[in-house]
Amino acid sequence: MSSDTTGATAESAAETVAALCEDRELVVVSNREPYSHDREDGEIAVDRPAGGLTAALDPVMQTVAGTWVAWGDGDADREVVGPDDTVSVPPEDPSYDLRRVWLDDAQVEGYYAGYSNQMLWPLCHLDTAKMNPDPEFWQSYRETNSEFADAVLDSTGRDPVVWFQDYHLALAPRDVRAARPDAFLAHFWHIPWPSWDAFHALPQYEQLLDGLLANDLVGFHTEEYCRNFLDCVEAATDARVDRGSRSVAHRGERTFVRALPLGIDAAEQAELADGDAADEFWREFGAKHGLDDGDIRVALGVERLDYTKGIEERLAALERLWEERPEYRGELTYVQKGIESRSGIEAYRTLQERVDAAIDRINDRFGTDDWTPVVQLTDHLPKPGLAALYREADVGLVTPVRDGMNLVAKEYVAAQTRDPGVLVLSELTGASEQLGDRAVAVHPRDLDGVADGIDEALSLSEDERLHRMADLQRVVHAEDVYAWLESTFETAAAIERGRHTVHAGTT
Ligand code: GDG
């Protein structure tokens with residue numbers, strides 16, 4: 001299948017961002033770093049950008065020659081930095097600075113695994129029972145955010161454009177603002193923002209909001225998260241919320257709140273799915289699991305093993321499907337591509353055990369000598385292998401119980417370059433705001449509904465599948481990661497222009 005594209009590319013996005021930043025320095029701040037240095041067989045090796053966002057920002061940073069501030073977690077990271085804790089990257093063509101922040105074990109435990117992943121993560125995904133309110137976590141989060149802010153201040157001049165990423169860094173903008181009143185500060189929050197009722201469960205709700213309101217722009221994936229954020233500000237602070245302009249006046253500053261749904265590199269995903277490496281992967285994988293002759297249909301789930309992704313509920317829905325519709329036994333295989341994640345945290349370890357037990361139970365119950373109902377893959381796959389799985393899957397099962405966006409849904413769509421499959425998508429993902437209409441929409445906890453959704457997806461005519469997928473691909477290509485970069489920076493530039501107009505008018 002072919003698709004329309006916007007024409008936004010890595011190069012055009014980088015040029016747009018450079019033009020919009022004019023001569024101001026761009027600083028990106030994130031927990032994870034874009035390059036890490038590790039020792040392999042005594043030699044220092046460089047690990048490349050992995051995630052889609054990091055890969056998309058890298059060419060932008062190369063063009064604007066900015067600074068990226070992030071946790072240096074590679075085991076050889078300290079060996080390659082200069083006295084200012086900075087290394088120029090990429091190694092083969094150094095064009096921007098990577099400024100590393102060092103975390104000790106207590107910070108990894110308190111700031112990262114603790115407050116970020118055992119307070120903010122469960123809170124924003126509405127799983128407040130999993131919150132662990134250890135006071136040390138908060139202390140560590142505050143201190144570490146200050147360290148990130150110091151690193152930003154050390155590495156920039158008077159009025160940079162600083163772009164914070166995600167929930168690890170909610171407090172850092174306030175420290176940067178105090179020292180650089182003229183900086184333009186933006187923040188993108190990658191996970192859901194909950195309603196005030198839920199957010200109220202966080203003891204430090206005021207400090208969190210105050211940190212984020214130091215930004216000129218706060219971006220979320222969806223309009224719903226923007227509304228929730230404004231509701232929280234209204235309920236918890238004395239800031240003035242202006243719903244018309246979707247902005248907040250606080251401490252003499254104004255913060256604009258915008259939905260900026262993140263996309264993927266859709267053109268790259270389609271190319272990978274059509275490439276020789278994907279074909280090669282599928283030949284081997286299909287033969288190994290008896291899926292190569294096309295008789296057995298394939299459903300696919302891809303994610304980090306996380307309790308927000310709805311894996312247990314999905315397995316239960318599949319079990320009901322095989323139980324109540326025996327015609328799918330021997331006819332439908334589910335491939336569970338679940339990569340280990342945050343396994344230092346108890347809730348993640350126990351999830352892993354329950355998922356393994358559910359898969360064993362289902363396979364014992366329905367499996368035969370020549371058919372395994374659930375094939376589990378726990379290894380990290382190279383991109384072409386993942387693209388091959390997407391391409392060959394008749395059903396892409398994306399059923400989180402909560403998810404900020406879910407890029408897997410978009411990758412699945414972009415990889416349908418041949419006989420198109422069908423996306424089954426949870427209503428409780430950010431992606432459903434853009435893709436819900438043309439996917440088979442399901443509620444992840446309605447197990448019969450998910451089973452029906454899988455049945456419906458497998459029963460659609462070829463014509464219907466082609467139409468739905470063409471519509472989905474148009475969205476995923478038009479609203480890709482480069483379009484996202486451009487609209488983020490165009491929004492920032494419009495806010496900045498407005499700010500100067502207001503100042504000019506008042507002096
Ligand atoms: C957070 C929010 C939001 C997975 N296994 C392999 C692999 N992956 C890649 C996928 C995809 C990425 O990991 C997962 O992204 P998601 O968006 O699905 O989910 P989170 O990790 O929870 O991300 C989420 C996102 O931030 C961005 O804002 O959408 O809501 O929770 O890109 O492809 N990649 C490779 N091999 C694997 O085995 N190469």
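**Reading a ligand site and three buried residues**

Student: Which atom of Leu 381 lies 2.7 Å from a nitrogen atom of the ligand?

Tutor: A backbone N or O atom of Leu 381 sits at that 2.7 Å distance. The general idea is the polar contact: a pair of N or O atoms within 3.5 Å, where inside the protein one must be able to donate a hydrogen and the other to accept it, and residues adjacent in sequence count only if both atoms are side-chain atoms. Keep in mind that this is a predicted model, where local features need pLDDT of at least 70 and side-chain atom pairs pLDDT 80 or more, while totals for chains, interfaces and linings use all residues. Residue numbers start from 1 along each chain as its sequence is written, and side-chain values use heavy atoms, with hydrogens and water left out.

Student: What do Met 405 and Asn 406 offer the ligand?

Tutor: Backbone again. A backbone N or O atom of Met 405 is 2.8 Å from a ligand oxygen, and a polar backbone atom of Asn 406 is 2.9 Å from an oxygen atom of the ligand. On its own the ligand exposes 730 Å², of which the protein buries 83% (Shrake-Rupley areas, 1.4 Å probe). Helices α14 (383–392) and α15 (407–414) are the elements that each give two or more residues to the shell; such elements are DSSP runs numbered from the N terminus, with helices being H or I of at least four residues and strands E of at least two.

Student: How many residues surround the ligand?

Tutor: For that, look for residues with a heavy atom within 4 Å of the molecule. Here you'll find 20, and the closest are His 190, Leu 381, Asp 403, Met 405 and Glu 411. By class, the shell has eight nonpolar, five polar and seven charged residues.

Student: Where does the ligand lie relative to the domains?

Tutor: Domain bounds here come from an automatic or database assignment. The chain splits into domain 1 (12–263 + 483–499) and domain 2 (266–478). Their centres, taken over C-alpha atoms, are 31 Å apart. The contact between them takes 23 residues from domain 1 and 20 from domain 2, contact meaning heavy atoms within 4.5 Å. Both domains give residues to the shell, so the ligand lies between them.

Student: Thr 429 is in a loop; is it buried or exposed?

Tutor: Check relative accessible area: under 20% is buried, over 50% exposed, and in between partly exposed (1.4 Å probe, protein chains only). Thr 429 comes in at 4%, so it counts as buried. That loop runs between β17 (422–426) and α16 (431–435). The Thr 429 side chain reaches the backbone oxygen of Ser 426 at 2.9 Å. Beyond four places in sequence, Thr 429 is in contact with residues including Asp 403, Met 405 and Asn 406.

Student: Which side chains does Ser 247 reach?

Tutor: Ser 247 makes side-chain polar contacts with Ser 245 at 2.8 Å and with Arg 254 at 2.7 Å. Ser 247 is part of strand β11 (247–250), and with 0% relative accessibility Ser 247 counts as buried.

Student: And what does the side chain of Ser 30 reach?

Tutor: The backbone oxygen of Arg 32, at 2.6 Å. The side chains of Ser 30 and Trp 68 are also joined by a polar contact of 2.9 Å. Ser 30 belongs to strand β1 (26–30), and at 8% relative accessibility Ser 30 counts as buried. Away from its sequence neighbours within four places, Ser 30 has contacts that include Val 69, Phe 148 and Leu 169.

Terms used: Ala, Val, Leu, Ile, Met, Phe, Trp, Tyr, Cys and Pro count as nonpolar, Asp, Glu, Lys and Arg as charged, and the others, Gly among them, as polar.
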